[in-house]
Structure formats: structure tokens, C-alpha cells
Amino acid sequence: MSLVNKKGVDIGDHNGDVDFGKLKAAGFDFVMIKCGYGSDYEDQDDCRFEENVKKAEKAGMPWGAWLYSTALNENRARSELAHMLRLLKGKKPTMPIALDVEWDEYRERNGGWNYENVTACTRIVLDGLRKAGYYPMLYTGFDEIENYIAPDVWKNVDLWFAHWARECGYKGANLAIWQYGGETNLIDTPYIKGINGPIDKDICYRDYPTIIKDGGFNGWGERAPDTQPAEDAPTCNITLPYLAQEGYTSTGAAVKTVQRLLNAMDYIGADNRQLTVDSIFGTNTDHAVRLFQQHNNLTADGIVGPATWAAMLGNN
């Protein structure tokens, strides 16, 4: 069955325990599933992603994935890419993999919601998905393409366009999915009987399962996607010991993680450069830690103890 002009939904953990049989019975033929938001931390995974993927495949519904972007800089964009690749590893979706770029209070409050940054971050993730063998897509709307994302980025990718209206106001050739309603829905209802809602609803204009399988994207070709995260993408899925230049842990994977976190937050070393991710707690790392502590009203002692570690996670 072709998906051209077929309806679908996009879901996440906010929709609770979704009954995919009820989705199909209500006339929805595909699903875009939230995998998480922001940087590559397990507590920012969507807690129902794995469950929803299994349900979609059991129901025979084509599915894709999307991640809500909160990137404040290019390092965090690379971490968002790593986040997506980690969760997609071993899976073979037949719909695109989308980056959700829309106005975000956190990004605006922290200085990341501007044309230069949003353009750069969006480009990094979409290009990274292409390089990794996935079929990328950009979820966005009018304000974003008019004011925050450069045309050479949004015009060269399939658009999943959010415009809650009776017809889609965007008519470009790269319109691929139209999200026609969510909390506001002028075509039908914001709800589906038996599904926790309101629920976002979409119309697809391309037969993605055929495009993706025939094109060898998303793991359907001879070469499986490269799902290894970028080397400089920060990760934090370990419990850190105390770290310091002297007297505490000064080498190893834990130090490397802190260096990546500091780079992601743009804290520099004594040489006014980003830290070398070398697992050695040297002068430059000590300098960056003390800067971070000063800016976060912590004791600037260069020791990454519980309070500093908690603050680092809270800033990412």
C-alpha cells in the first residue's frame, strides 16, 4: 500500500500506552515516534520509544523517529545526532528520521535561539544523518524557515511541516508530510478514541517505505548505517568519581566525559582553546572546571564533586 495522501500520527511518551490497533482502526496508516529530546543522555530518551517501535512493527505500521532539538551550540548538535544514532542502532524504520526544530523557551533563555546557531545546529544533525545512511527530515514551521534556518538547509531536505489549518500554507516541492493538527485541528478532531490525547495528526505525500527500501536507507541497503557517535559528542552514562588535578582521579574515562561536557558548554582551557579530550585532568581542564564553578556559584576548587557534577548535568 502506498502512503501517498495517507494519514498518520506522531506520538511520544505524553500519549501514554498507545493502542496501535485503535490507530489503524481510526484510519491512520503510519506513525512518527519520538525518540527523545536534546543531548545524548539516557534520561532524555523518550521512555516509550522502544515500546512504541515494537508495537508499530507488530501492527505492520511504517514508522519513523523524531528528536526534539534544544541545541545551544554545535557540540550539543553533535550530541543530539549521537542521541538519535544510539537509539536507532539495530532498527530499520521505513519512514524518515526527523529533527524537530521549533521555538523553544530553553534555547531562547540560554541564547541559542538565533539564526546563526539554529542554522548551524540543524545542518550538523541533518548532514550527520545522511552520512550515517539514514533518510533525514526536518520538522518545522513558517517562523523557523523565515527567520531561523538558512534556505540552503531547509530547502534541501524533505519537510515535515507544521501548519494547523484547513490546508497547508507551505507549497514547496519538498513538502513531504503535513502536520495538520494537534491541540488545534480544523480538519477533524484533536483526539482518537481510546488514545491519550490530544494527538498530532499528519498527511504523507510520499511513499516512504518504497523510497527508503529501494534507496537502501535506514539499514535497508547493503551497508548498515554507521551508528557510532561522533568522537566529540558528549556522553554521560557513567557515574563519575570525584575528579581533580591533584589528589583525586586524574585520568581515565571519567575525565574524558567531563572534558566533553565542558566543551559542549563552551568552557575553555587556560590556553583559550577547547579542551583536548584526552582523559588527562591537566591545567587546561582544571581551568575550565574552575570557570564553570564560578559561573554556577560553586566553590571554585577544581574538584568535580557531587555538586559540580550535578550542575554539569543540569546545564546539558
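Visitor: Why is asparagine 218 called buried?
Guide: This is a predicted model, and in it asparagine 218 has a relative accessible area of 0%. Buried means under 20%, so asparagine 218 earns the word.

Visitor: Where does asparagine 218 lie, and what makes its phi worth a look?
Guide: Asparagine 218 is in the loop between α8 (208-215) and α9 (253-264). Its phi is near 55°, which is positive, and the residue is not a glycine. Most residues other than glycine have a negative phi.

Visitor: What about asparagine 5: buried or exposed, and how do you know?
Guide: Asparagine 5 comes out at 55% relative accessibility. The cut-off for exposed is over 50%, so asparagine 5 counts as exposed. You'll find it in the segment before β1. Asparagine 5 also has a positive phi, about 65°, without being a glycine.

Visitor: And asparagine 52: how do you know whether it is buried or exposed?
Guide: Set its relative accessible area of 0% against the limit of under 20% for buried, and asparagine 52 is buried. This residue sits in helix α2 (residues 49-59). Residues up to four places away in sequence aside, asparagine 52 touches Ile11, Val18, Phe20 and Ile33.

Visitor: Lysine 91 has a relative accessible area of 15%, so what do you call it: buried or exposed?
Guide: Buried. Anything under 20% gets that label, and 15% falls below the limit, so lysine 91 goes in as buried.

Visitor: Which residues is lysine 91 in contact with?
Guide: Leaving out neighbours within four places in sequence, lysine 91 contacts Phe49, Glu50, Val53, Trp63 and Asn218. Lysine 91 itself lies in the loop between α3 and β4 (97-100).

Visitor: What makes the pairing of lysine 91 with the backbone oxygen of leucine 87 a polar contact?
Guide: A polar atom of the lysine 91 side chain lies 3.0 Å from that oxygen. The limit is 3.5 Å, so 3.0 Å is inside it.

Visitor: How do you know that the length of helix α3 fits its number of residues?
Guide: Helix α3 covers residues 74-88, which is 15 residues. The expected span is 1.5 Å times one less than the number of residues, giving 21 Å. The C-alpha atoms at the ends are 21 Å apart, so the two values agree.

Visitor: Why is α3 described as largely enclosed?
Guide: Because twelve of its 15 residues are buried, the rest of the structure largely encloses α3. Among the buried ones are Arg76, Glu80, His83, Leu85 and Leu88.

Visitor: What makes asparagine 73 a cap for α3?
Guide: A side-chain oxygen of asparagine 73 lies 3.2 Å from the backbone nitrogen of asparagine 75, at the N-terminal end of α3. That distance is within the 3.5 Å limit for a polar contact. Just after α3, glycine 90 takes a positive phi of about 85°.

Visitor: What makes strand β2 mostly covered?
Guide: Seven of the eight residues of β2 (residues 30-37) are buried. Cysteine 35 is buried, with a relative accessible area of 2%.

Visitor: How do you know that β2 pairs with β1 and with β3?
Guide: Two strands pair if there are at least two bridges between them. Four bridges join β1 (residues 6-11) to β2, and six join β2 to β3 (residues 63-68), so both meet the rule. Strands β1 and β2 run parallel, as do β2 and β3. Valine 9 has valine 31 of β2 as its bridge partner, while tyrosine 37 stands opposite tyrosine 68 in β3.

Visitor: Which way do β1 and β8 run, parallel or antiparallel?
Guide: Antiparallel: five bridges join β1 to β8 (residues 200-204). One of the partners is aspartate 202 in β8, which goes with glycine 8.

Visitor: What makes the bond from glycine 197 to proline 198 unusual?
Guide: The peptide bond there is cis, with omega near 10°. Most peptide bonds are trans. Proline 198 lies in the loop between β7 (175-181) and β8.

Visitor: How many disulfides does the whole structure hold?
Guide: Zero. A disulfide needs two cysteine sulfur atoms within 2.5 Å, and the search found no such pair. Cysteine 121 is buried, with 2% relative accessible area.

Methods
Residues are numbered from 1 along each chain as its sequence is written. This is a predicted model: local features need pLDDT of at least 70, side-chain atom pairs count only at pLDDT 80 or more; totals for chains, interfaces and linings use all residues. Side-chain values use heavy atoms; hydrogens and water are left out. Helices (H or I, at least four residues) and strands (E, at least two) are DSSP runs, numbered from the N terminus. Buried means under 20% relative accessible area, exposed over 50%, partly exposed in between (1.4 Å probe, protein chains only). A polar contact is a pair of N or O atoms within 3.5 Å; within protein, one must be able to donate a hydrogen and the other to accept it, and residues adjacent in sequence count only if both atoms are side-chain atoms. Contact means heavy atoms within 4.5 Å.
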